Amino acid sequence: MVRSTRRRAAVGAAFVLTGVLSLTACGPAPWAGGAGGTSAPPSPTRTAAVGPQPVPNDLSSGSTERALQAGAVAAAVNYWSTLSMDQWTPTALKPVSLSLTTTVTPDDGQQVGLQRVSMIAVPANPTETFAPLEAQLDQSNQTAGYPVLAPYSYSQTFNIGEVPAAATHVTLQFTYEFLVQTTPTSAEYAKQTTTDAVRVAIAGGGVAPASED
């Protein structure tokens, strides 16, 4: 009787040991995150599409003001266009107007004149700069230039002609040449020069010309 009891106990222990070994051979549970487990597939990453970047436009609000310095002369310049920005196409005649007035420091009563102003339009796109258009200028035939010391002012309009169809913007390079009277009673004048650049977007630009067969 005792021997039978021992035999049943040995069989039960063997059965338990076999079950343990069987579970061990199965490896980690599928939901375990460690080595040998099965992890969930990574979520796909979405990349936002990048469209063409807007072209900076100094006249996007209709006008722009600049404060320029030429030696003792401080010039306040306002630029604008009577042509709406959506009409600044490559083939259109594109006007840009400016008005200018100056102050001088120290102000001892001497006069300030604008001897000459020139404008060069340079069309371009993000990867290429095209040949500049012909320079335009306005030169005074007065010895002392156009009077521009406040309250006097100067106004002018320049026209930008056709630009390449691939151009996305045009940079207007202005040069201002002033004559400053050395003393209130002198017939001698000192020349002072300053420059400025205004960028204007071309509507519908950036189209490459069709290739010829």
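Is Val73 buried or exposed at its computed relative accessibility? In this predicted model, Val73 counts as buried, because its relative accessibility is 0%, against a cut-off for burial of under 20%. Val73 belongs to strand β2. Beyond its neighbours within four places in sequence, Val73 is in contact with Leu68, Thr102, Thr103, Val112, Phe178 and Val180. Between the C-alpha atoms of Val73 and Thr193 there is a separation of 9.3 Å, although these positions lie 120 residues apart along the chain.

The overall composition of the chain is as follows. The protein chain contains one helix and 10 strands, arranged along the sequence in the pattern α-β-β-β-β-β-β-β-β-β-β. Of its 213 residues, 30% count as buried. The accessible surface amounts to about 13,600 Å², and carbon and sulfur atoms account for 56% of that area. When contacts between residues at least 6 apart in sequence are considered, 67% of them join residues at least 24 apart.

Strand β2 also takes part in an open sheet of four strands, in the order β1-β2-β3-β8 and with antiparallel pairing. The edges of this sheet are formed by β1 (63-70) and β8 (154-160), each of which pairs on one side only. From one strand to the next, the twist averages 25°. Within the sheet, strand β2 (residues 73-80) and strand β3 (residues 94-104) run antiparallel and are joined by eight bridges. Tyr79 has Leu98 in β3 as its bridge partner.

Tyr79 is also linked to Asp196 through a polar contact between the two side chains, at 2.9 Å. Asp196 is located in strand β10 (residues 189-201). With residues up to four places away in sequence set aside, Asp196 touches Arg66, Leu68, Tyr79, Leu172, Gln173, Phe174 and Tyr176. Leu68 thus appears among the contacts of Asp196 and among those of Val73. Asp196 counts as buried, because its relative accessibility is 12%, where the cut-off is under 20%.

Charged pairs were examined next. Four salt bridges are found in a search of the whole structure. One of them is formed by Asp196 and Arg66, whose closest N and O atoms are 2.8 Å apart. This pair links distant parts of the chain, with Asp196 in strand β10 and Arg66 in strand β1, 130 residues apart. The carboxylate partner is the buried Asp196, at 12% relative accessibility.

A further salt bridge brings together the side chains of Arg116 and Glu177, at 3.8 Å from N to O. Here too the pair links distant parts of the chain: Arg116 is in strand β4 (residues 112-125) and Glu177 in strand β9 (residues 169-181), and 61 residues separate them. Arg116 is partly exposed, with a relative accessible area of 28%, whereas Glu177 is buried, with a relative accessible area of 14%.

Glu177 also meets Lys191 in a salt bridge between side chains, at 3.2 Å from N to O. Because Glu177 lies in strand β9 and Lys191 in strand β10, this pair ties together parts that are 14 residues apart in sequence. Lys191 counts as partly exposed, at 48% relative accessibility. Separately, salt bridges that share partners join Asp58, Arg66 and Asp196 into one network.

The backbone was examined for peptide geometry. Most peptide bonds are trans. A cis peptide bond joins Thr105 and Pro106, with omega about -5°, and Pro106 is placed in the loop between β3 and β4. The peptide bond from Ala150 to Pro151 is likewise cis, with omega near 15°. Pro151 lies in the loop between β7 (146-147) and β8.

Technical notes:
Residues numbered from 1 in each chain as written. Predicted model: local features only at pLDDT ≥ 70, side-chain atom pairs only at ≥ 80, totals over all residues. Heavy atoms only, no water. Pairing = 2+ DSSP bridges. Helix = DSSP H or I, 4+ residues; strand = E, 2+ residues; numbered from the N terminus. Axes fitted to C-alpha atoms, helices over the stretch in contact; angles between N-to-C directions. Buried < 20%, exposed > 50% of the residue type's maximum accessible area, 1.4 Å probe, protein only. Polar contact = N/O pair within 3.5 Å; in protein donor to acceptor, adjacent residues only side chain to side chain. Contact = heavy atoms within 4.5 Å. Areas by Shrake-Rupley, 256 points an atom, 1.4 Å probe, with all protein chains shown as cover.
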